[in-house]
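User: I have a model open and want to go through it with you. Can you put it up?

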Amino acid sequence: MKPTIALIGPGRVGSAVAKKLHAAGYQLTAIVSRDRQRAIEACQFIDCPSDAATDQLVSVTSAEVILLAVPDDQIQSVAQQVHSVCDPRNPPSLIHFSGLHPAAIMQSTTDIHTTLLCLHPLLPFANREKGYYALDQCPCAIESSTPQGILLGKKLATAMGGTPFPVATDKKALYHAAACISSNYLVTLIAMARDLFIHCGIESEHATPLLLPLMRAVFANVEELGVEQGLTGPIVRGDVGTITKHLQQLEREAPEFLESYRALGIQTATIGEKSQRLSLKRAATIKDILEQ
Ligand SMILES: NC(=O)c1ccc[n+]([C@@H]2O[C@H](COP(=O)([O-])OP(=O)(O)OC[C@H]3O[C@@H](n4cnc5c(N)ncnc54)[C@H](OP(=O)(O)O)[C@@H]3O)[C@@H](O)[C@H]2O)c1
């Protein structure tokens with residue numbers, strides 16, 4: 001039997017996840033928004049009956065699983081509100097979607113038997129429609145301190161079309177930092193390259209589109225060959241002269257990017273070493289130049 005589900009916070013993640021679970025045959029008993037009209041609108045998106053829509057938190061009490069798809073900073077307090085309205089003898093399972101917080105952030109101060117789970121889809125939810133379609137085959141991190149929580153996470157992630165994988169509770173900040181580096185910092189790197197193109201006189205509206213084919217080719221190389229063998233460019237080639245010229249012109253014309261260029265270059269030299277295409281000696285020379 002599939003457990004019944006209530007959603008608190010029908011935003012980007014909550015609506016997309018609820019729509020997937022509804023399509024997979026899970027019954028949604030309550031869609032809770034602070035504004036009932038938003039809850040009705042979310043029911044339409046999810047394609048579930050609009051009588052599930054409510055602005056009353058107490059409506060979640062009939063569900064066996066409650067999704068807390070609220071901002072990270074609100075998870076703990078919303079969980080406490082849920083505990084205060086639910087029957088402690090028959091507590092529901094609680095799920096949040098934060099990549100950072102442990103599931104235990106939802107622990108009740110009085111009850112220790114609730115199944116608590118963090119289910120983090122490793123995906124940027126720009127909006128609920130894109131999120132819904134991207135959930136297919138999306139890696140989903142599962143974190144819980146109990147086997148029941150892990151089992152529930154695997155079932156729900158799979159029902160959503162995702163691929164569950166475990167993350168240790170004491171490593172969540174590292175895990176989330178990795179997620180931020182691979183998504184947010186990637187955007188920062190693109191912005192840096194775009195701004196350097198603009199420094200070269202390329203018109204700003206052309207700068208990002210000109211970079212995209214290069215970046216797509218890099219993704220394809222990494223996907224096919226892996227990180228180490230997917231690396232190309234002057235550092236892995238050991239072209240010390242080229243790197244020196246980069247540093248010189250950056251220092252003269254775009255010094256705001258120099259520190260980042262140096263730091264990323266040092267990391268890149270380490271990848272070059274691991275690829276076994278850059279000798280340890282040449283890597284050391286490059287790192288020396290970058291550290292100066
Ligand atoms: N966006 C992403 O890319 C992404 C990816 C993976 C995981 N996550 C995680 O998913 C969770 C939700 O993120 P989201 O991007 O879906 O956020 P969101 O689109 O802003 O939705 C959050 C919802 O929570 C409700 N809410 C806001 N403040 C609240 C409060 N003080 N009390 C109760 N409800 C409140 C709002 O619903 P009403 O206004 O209708 O009440 C809002 O629609 C977060 O834990 C986030 O870390 C996000």
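User: Which helix gives the most to the shell around the ligand?
Analyst: Helix 1, with three residues. Helices here are DSSP runs of H or I with at least four residues, strands are E runs of at least two, and both are numbered from the N terminus. A residue is near the ligand if its C-beta atom, placed from the backbone, lies within 6 Å of it.

User: Before we go on, what kind of model is this?
Analyst: It is a predicted model, where local features need pLDDT of at least 70, side-chain atom pairs count only at pLDDT 80 or more, and totals for chains, interfaces and linings use all residues. Residues are numbered from 1 along each chain as its sequence is written.

User: Back to the ligand. Which elements supply at least two residues each?
Analyst: Helix 1 (12-23) and strand 6 (116-121).

User: And which residues come nearest?
Analyst: Gly9, Gly11, Val13, Ser33 and Phe97, out of 25 residues around the ligand.

User: How does the shell split by class?
Analyst: It has 11 nonpolar, nine polar and five charged residues. Nonpolar covers Ala, Val, Leu, Ile, Met, Phe, Trp, Tyr, Cys and Pro; charged covers Asp, Glu, Lys and Arg; the others, Gly among them, are polar.

User: Ser33 came up there. What does Ala39 touch?
Analyst: Setting aside neighbours within four places in sequence, Ala39 is in contact with Pro10, Ile31, Val32, Ser33, Ala53, Thr54 and Asp55. Contact means that the C-beta atoms, placed from the backbone, lie within 7 Å.

User: Is Ala39 buried or exposed?
Analyst: Buried, because 22 other C-beta atoms lie within 10 Å. The cut-offs, with C-beta atoms placed from the backbone, are 20 or more others within 10 Å for buried, 12 or fewer for exposed, and partly exposed in between. Ala39 is found in helix 2, and its C-alpha is 8.2 Å from that of Ala52, 13 residues away along the chain.

User: What about Gln44, buried or exposed?
Analyst: Gln44 also sits in helix 2, but it is exposed, with 10 other C-beta atoms within 10 Å. Between Gln44 and Lys19 there are 9.8 Å from C-alpha to C-alpha, at 25 residues apart in sequence.

User: What is odd about the phi of Asp47?
Analyst: Its phi is positive, about 75°, although Asp47 is not a glycine. Asp47 is in the loop between helix 2 (36-46) and strand 3 (53-54). It counts as exposed because it has 11 C-beta neighbours inside 10 Å.

User: And Gln276, where is that?
Analyst: In the loop between helix 11 (258-274) and helix 12 (280-291). Gln276 is not a glycine either, and its phi is positive at about 65°. With 10 other C-beta atoms within 10 Å, Gln276 is exposed.

User: New topic: helix 7. Why does its length look right?
Analyst: Helix 7 (residues 204-225) has 22 residues, and at 1.5 Å a residue it should span 32 Å; the end C-alpha atoms are 32 Å apart, so the two agree. The expected span is 1.5 Å times one less than the number of residues.

User: Where does helix 7 bend?
Analyst: At Leu212, by about 30°, with a proline, Pro213, following within four residues. The bend is the angle between axes fitted to the seven residues ending at a residue and the seven starting there.

User: How many of its residues are buried, and what comes after helix 7?
Analyst: The number buried is zero of 22, so helix 7 lies largely in the open. Gly226 follows helix 7, with a positive phi near 90°.

User: Last one, the domains. What are the bounds?
Analyst: Domain 1 is 5-167 and domain 2 is 174-291 in the protein chain. These bounds come from an automatic or database domain assignment. The C-alpha centres of domain 1 and domain 2 are 39 Å apart.

User: How many residues does each domain put into the contact?
Analyst: Six from domain 1 and four from domain 2. On the side of domain 1 that touches domain 2, five residues are nonpolar, one is polar and none is charged.

Notes
Two residues are in contact if their C-beta atoms, placed from the backbone, lie within 7 Å.
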